[in-house]
Amino acid sequence: MVGTQWGDEGKGKVTDYLAREADVVVRYQGGPNAGHTVVVDGEEFRLHLVPSGILYPGKLCVVGNGVVVDPEVLVGEIEYLQSRGRDVSGLRVSARAHLVMPYHRILDALQEQALGERRIGTTLRGVGPAYMDKAARVGLRVGDLLEPASFRTRLEHNLADKNRFLQHVYGAEPLRLEDVLESYLAWGEKLRVFVAETSPLINRAIAAGQKVLFEGAQGTLLDLDHGTYPYVTSSHPVAGGACIGAGVGPTRIDRVIGVVKAYTSRVGDGPFPTELHGEEGDLVRERGHEYGTTTGRPRRVGWLDAVMVRYAALLSGLDGIAITRLDVLAGLPRVKVAVAYRYRGGEIEDFPSSLSVLQECEPVYEELPGWPEPPETPGSLADLHPHARRYVEFVQEATGLPVVLISIGRERGQTISLAPVFEPRPPAR
Ligand code: IMP
């Protein structure tokens, strides 16, 4: 399950809904930059690292090797769930997952500051710098926490380097080895029981016929390769990311579902063709409570962009989509969907790689009539207002993808299921 926009599509809710049927739920990329809000029986849970599947007792929930783990955040989340009476015994964390270190958070902030006007608008959780160290082959991993002697040596090495950089490039304070060491080893001890070789674990589950749900974080347009670079995150939210970030072969994945919010939102900077300014935008932002789960920042909002969703479909080989937050648009007199981009007099077919081209793209809109508030818990599609149904049909036509699920609220019951998701792949499409 992947996000088809810029993140915040409501993946937490969809994961929670689909997790009911799954035996295993796996996070494969991203880190504490992600934020999932899940509501169970009126109780709200905000999670950053632990897969949302944890809210079903006993379910195996894996933090895969492709995730960057801030142990302080992870330990905090485990304790938060336990304090609310939740069972976390099904949690497993890959020994291969890289750690977010204190210098990553500091460098994230300093790099953003240095960029000034050109800043990316990161969540400042140290995620980019942690992936930089992973690629530079100097990263520390979750498994290292369990080997204190070598952890100390490698940290000492890294700190010497990072401190030089902090002091001489940025004029910042150096970090003390003993401080970092003490807190990280303490968190390591708390995590010890959860650390595992997760790829074999997942592959064994698949071989045994269990249902495994890979839960993407962020969204397609934030993908390091395919997103609106450089205004992206440093990992791969597209479906292919699941293979690398969880250690499973592409032949093991049966279906890919894209989560499409009924409108678009974006936190952070970068071009946004269908962005809404003024009253309509404020209304959608307020109705949708579009403020970051991780940072509290107001999100930029805009109309649904079918060009973008079609691009996401291509990149992840989507089989179907889940439409979320249809309720947020209720009450508007009319709604719009971008179906194409106009660029310098012509129409652009493919989502452009150049940001200056994207900046100049003008969305070609299709306008549809609005609809009133949906019933609290609709049983089926027929319970929705005809105009809301028309919108769903239109999204289906404009994206060329079947809608498998519609979400009209935060509760589990506020979901309409239209097609089974855990099915073997249908023969050649
Ligand atoms: P980073 O992932 O913190 O480095 O931030 C890079 C970009 O990704 C920024 O535009 C962030 O706002 C965005 N981003 C990261 N995580 C999320 C998320 O979970 N939802 C939405 N945007 C995100």
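**Exercise 1.** Which side chain does a polar contact of 2.6 Å join to that of Asp16? Determine also the setting of Asp16 in this predicted model.

*Solution.*
Step 1. The partner is Arg412, whose side chain is joined to that of Asp16 by the 2.6 Å polar contact.
Step 2. In the secondary structure, Asp16 belongs to helix H1, which spans residues 11–19.
Step 3. The relative accessible area of Asp16 is 2%. Buried means under 20%, so Asp16 is classed as buried.
Step 4. With residues up to four places away in sequence left out, Asp16 touches Val38, Val40, Ser52, Leu55 and Tyr56, as well as Arg412.

**Exercise 2.** Describe the contact between domain 1 (98–193) and domain 2 (258–421).

*Solution.*
Step 1. Begin with the separation: the C-alpha centres of domain 1 and domain 2 are 37 Å apart. The contact draws 6 residues from domain 1 and 5 residues from domain 2.
Step 2. Next, consider area. The two domains bury about 430 Å² between them, and 38% of this lies on carbon and sulfur atoms. On the side of domain 1, Gly121, Thr123 and Arg125 lose the most area to domain 2, together accounting for 63% of what that side buries.
Step 3. Then count the interactions. Between domain 1 and domain 2 there is 1 salt bridge, and 3 residue pairs are in polar contact, both residues being at pLDDT 80 or more. By class, the side of domain 1 touching domain 2 comprises 1 nonpolar, 3 polar and 2 charged residues.

**Exercise 3.** Which side chain meets that of Asp269 in a salt bridge?

*Solution.* The side chain of Arg119 does so, with an N to O distance of 3.7 Å.

Methods. Residues are numbered from 1 along each chain as its sequence is written. This is a predicted model: local features need pLDDT of at least 70, side-chain atom pairs count only at pLDDT 80 or more; totals for chains, interfaces and linings use all residues. Side-chain values use heavy atoms; hydrogens and water are left out. Helices (H or I, at least four residues) and strands (E, at least two) are DSSP runs, numbered from the N terminus. Buried means under 20% relative accessible area, exposed over 50%, partly exposed in between (1.4 Å probe, protein chains only). A polar contact is a pair of N or O atoms within 3.5 Å; within protein, one must be able to donate a hydrogen and the other to accept it, and residues adjacent in sequence count only if both atoms are side-chain atoms. Contact means heavy atoms within 4.5 Å. Domain bounds come from an automatic or database domain assignment. Buried area is the accessible area (1.4 Å probe) that two parts lose on being put together, summed over both. A salt bridge is a side-chain nitrogen of Lys or Arg within 4 Å of a carboxyl oxygen of Asp or Glu. Ala, Val, Leu, Ile, Met, Phe, Trp, Tyr, Cys and Pro count as nonpolar, Asp, Glu, Lys and Arg as charged, and the others, Gly among them, as polar.
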